[in-house]
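Please open the structure in a viewer and keep the residue selection panel at hand. The tour proceeds from one selection to the next.

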Amino acid sequence: MITSEEKLAQLNQENTRLRQRVSELSDFIENASMPLHWVNGNGIITWANKAELDLLGYKKEEYIGAQIQDFHQDQDTIASILQLLASNEKVNDYPATLRCKDGSVKHVIINSSALMKDGEFIHSMCFTKDVTESLIAEERRNKLTALLAEKEERLRLALAATGLGTWDWNSESRNIHLSEQSKQILDIEADLKYVDDMLALIHPEDREYVFQQVKQLSDSNSDGHFEFTCRIVKNNTDSIAWIKVQGAAYFSDARRSRRIIGAIMDITDQKSAIAESAKLAAIVDSSYDAIIGKTLDGTVTSWNDAAENLFGYTSDEMIGESILKLIPPDRQSEEDYILGRMRQGYSIKHFETIRRTKNGKLIDLSLTISPIKNDAGEIIGVSKIARNITEKKQEERRKNAFISMASHELKTPLTTVLLSAQIMQQHTEMFNQSSALIGSKIEMQVKKMMAMIQDFLSMAEVEGGKLQLQKSSFTLFALMEECKSELSLLSPNHKIELLCDPSIAIFADRNKMAQVLTNLLSNAIKYSPSSKNVRIGCDIIADKLRIYVQDEGIGIDKSDQKNLFKPFYRVDNLNTSNISGFGIGLYIVAEILRCHGTAIELDSLKGKGSTFYFEFPLDHNLPEAKTLFTIDNSSFISKGLGRK
């Protein structure tokens with residue numbers, strides 16, 4: 001039997017062991033690496049271990065006894081946690097953010113449960129796990145993943161923009177993975193399983209060359225880069241395309257396996273462009289015409305052999321130099337006009353001018369000048385074709401000199417004949433009536449010849465650049481009346497109707513305008529043999545004066561109208577075979593009007609008649625007449641530059 005003393009001793013031993021275990025357990029919890037704390041029903045921290053205090057950097061007196069809400073960054077989070085605990089629900093891996101003493105923030109996960117007694121919440125038991133570093137690492141990983149995805153997308157877009165396709169050949173799997181762009185270039189739908197599948201796409205004439213390239217790469221024991229071009233035959237269309245293949249080979253660290261990564265580009269268009277460029281270069285080099293390229297500021301960029309032969313300068317002497325080197329000082333303003341037209345996108349055809357060779361000789365040239373545009377339509381330069389027309393111009397000068405001399409020589413005897421014919425008509429007492437009639441016919445024919453001679457003289461002046469205007473103010477009605485009277489005598493069977501306000505005056509070369517109206521009236525009479533009605537007049541249309549000559553004759557076909565104002569052009573058909581003329585009258589009309597700053601226009605229907613007209617802008621500020629119209633050539637570009 002155990003005595004009471006023995007029982008007491010055993011009880012003391014048990015209490016001692018129990019206190020020791022409680023002390024050990026308390027010390028374990030107090031010094032555990034996992035942060036722990038208790039919070040009562042009022043949200044006050046009643047206990048926290050050392051790990052909890054170290055995590056947030058507070059002392060016991062700063063932390064224990066304080067409200068737990070004071071240490072939470074997100075008040076909604078702690079309110080939700082306390083509500084769950086008060087409802088005796090467990091909190092598992094609840095994310096939260098805690099404020100440290102130094103102002104930093106800790107990202108934590110909270111696991112907690114409630115200690116309940118008789119249904120009353122006593123305190124919570126909270127485990128706080130610091131996940132700040134892992135969360136930062138996760139955010140960094142997400143940023144890197146997003147950055148990598150962005151760079152991959154940029155690379156994909158860049159490859160798509162350049163037309164590059166990529167491929168990856170693994171020597172172990174022997175599979176050749178192709179990007180979608182590569183499949184489109186090769187005109188296939190799936191990856192290639194073997195090298196032989198790739199070689200089967202190569203053009204037969206290039207297959208051995210490509211095979212040697214692949215074999216050399218396969219036999220190599222070191223990393224290396226490669227590049228080659230070849231032709232392929234597309235399966236679906238049997239068309240031939242050129243591709244450029246490039247890449248690099250890499251061994252693994254243990255040198256047991258090898259990968260070859262590269263790119264494919266379709267260079268068919270480039271090959272075609274190179275071939276076309278070579279063809280054009282050959283044409284340019286072999287051309288008999290000088291072909292010159294220059295920038296929009298007039299700097300020479302290309303110079304063919306014909307240019308060297310024509311001007312005497314080599315390409316080394318001209319490329320990089322100003323084109324003004326070839327232009328005489330008195331013509332250098334032409335270059336400003338030419339470059340201005342080029343910048344506006346216009347071409348200039350058959351522009352006749354004078355240029356200077358290396359030895360100082362002046363030569364006549366016909367220039368055709370066009371703007372050079374890039375793929376975007378932007379003007380980036382100028383192309384000029386120069387043809388030597390010195391001999392042609394000399395021949396024209398000799399011809400014009402001859403025409404001028406012959407015309408002047410013919411005028412003297414014709415004037416004498418004209419005077420004699422007029423005397424025969426005026427002095428019937430000396431000559432009988434028959435002689436007077438003969439004199440009238442002689443006068444009519446002489447005047448026709450003199451008008452023809454005047455046209456030839458005007459043509460020589462135009463082509464020699466010597467057409468001069470002597471302007472004055474005169475009444476348009478009076479000039480039209482003179483032309484009408486003269487033509488009425490020459491063709492009495494036609495009725496010429498004059499429709500013009502007698503008060504209208506114009507400022508122009510009266511003799512030249514008489515030549516214009518006489519030519520137009522003469523043509524109207526000649527080309528309306530059946531109709532007797534011809535009209536000459538003027539109308540005010542909007543802010544312009546329109547002067548016209550109208551007939552009801554045979555009309556002019558559309559196909560002939562575009563050539564009608566060229567020298568020596570005549571409409572050739574059955575209706576015109578008996579009509580005399582050299583085809584220079586309308587050319588002279590067009591040139592005289594061009595020098596006056598206007599242009600001849602035509603409305604005509606075959607079998608319905610024709611209306612020739614030209615217009616001048618109104619000018620109400622001049623006092624010479626009721627309405628004065630100024631014909632000015634100030635907008636006309638001199639030296640053969642053509643219409644503005």
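Begin by selecting Val-39 and Ile-45: Ile-45, in strand S2, is the bridge partner of Val-39. Strand S1 (residues 36–40) and S2 run antiparallel and are joined by three bridges. Helices (H or I, at least four residues) and strands (E, at least two) are DSSP runs, numbered from the N terminus. The model is a predicted one, in which local features need pLDDT of at least 70 and side-chain atom pairs count only at pLDDT 80 or more, while totals for chains, interfaces and linings use all residues. Residues are numbered from 1 along each chain as its sequence is written, and side-chain values use heavy atoms, with hydrogens and water left out.

**The five-stranded sheet**

Extend the selection to the open sheet of five strands, whose order is S2-S1-S5-S4-S3 with antiparallel pairing; two strands pair if DSSP finds at least two bridges between them. At its edges are strand S2 (45–48) and strand S3 (91–99), each of which pairs on one side only. Neighbouring strands of this sheet are turned by 30° against each other on average, direction ignored. Next select helix H4 (residues 75–86), which packs on the sheet and touches S1, S3, strand S4 (105–117) and strand S5 (120–130). The direction of H4 makes about 145° with that of S3. Here axes are lines fitted to C-alpha atoms, for helices over the stretch in contact, and angles run from 0 to 180 degrees between N-to-C directions; contact means heavy atoms within 4.5 Å.

**Helix H5**

Move to Thr-132, which is placed in helix H5 (residues 132–162). Is Thr-132 buried or exposed? Its relative accessibility is 11%, so Thr-132 counts as buried; buried means under 20% relative accessible area, exposed over 50%, and partly exposed in between (1.4 Å probe, protein chains only). Leaving aside residues up to four places away in sequence, Thr-132 touches Val-105, Lys-106 and His-107.

Further along, display the side chains of Glu-138 and Arg-141, which meet in a salt bridge (1.8 Å, N to O). A salt bridge is a side-chain nitrogen of Lys or Arg within 4 Å of a carboxyl oxygen of Asp or Glu. Because Glu-138 and Arg-141 are three residues apart in helix H5, about one helical turn separates them. Glu-138 is partly exposed at 31% relative accessibility, and Arg-141 is partly exposed at 43%.

**Strands S6 and S7**

Select strand S6 (residues 164–170): five of its seven residues are buried, so S6 is largely enclosed by the rest of the structure. Three bridges connect S6 with strand S7 (residues 176–178), and the two run antiparallel. Trp-167 has Leu-178 of S7 as its bridge partner.

**Other salt bridges**

Glu-205, Asp-206 and Arg-231 form a network of salt bridges. Then go to Arg-331 and Glu-334, whose side chains meet in a salt bridge (2.8 Å, N to O); both residues are buried. Finally, select Lys-392 and Glu-352, which form a salt bridge at 4.0 Å, N to O. Lys-392 lies in helix H13 (residues 390–426) and Glu-352 in strand S13 (residues 348–356), so this pair ties together parts that are 40 residues apart in sequence. Lys-392 is partly exposed at 43% relative accessible area, as is Glu-352 at 30% relative accessibility.

**The whole chain**

Zoom out to the full chain, which has 18 helices and 23 strands. Of its 644 residues, 37% count as buried.
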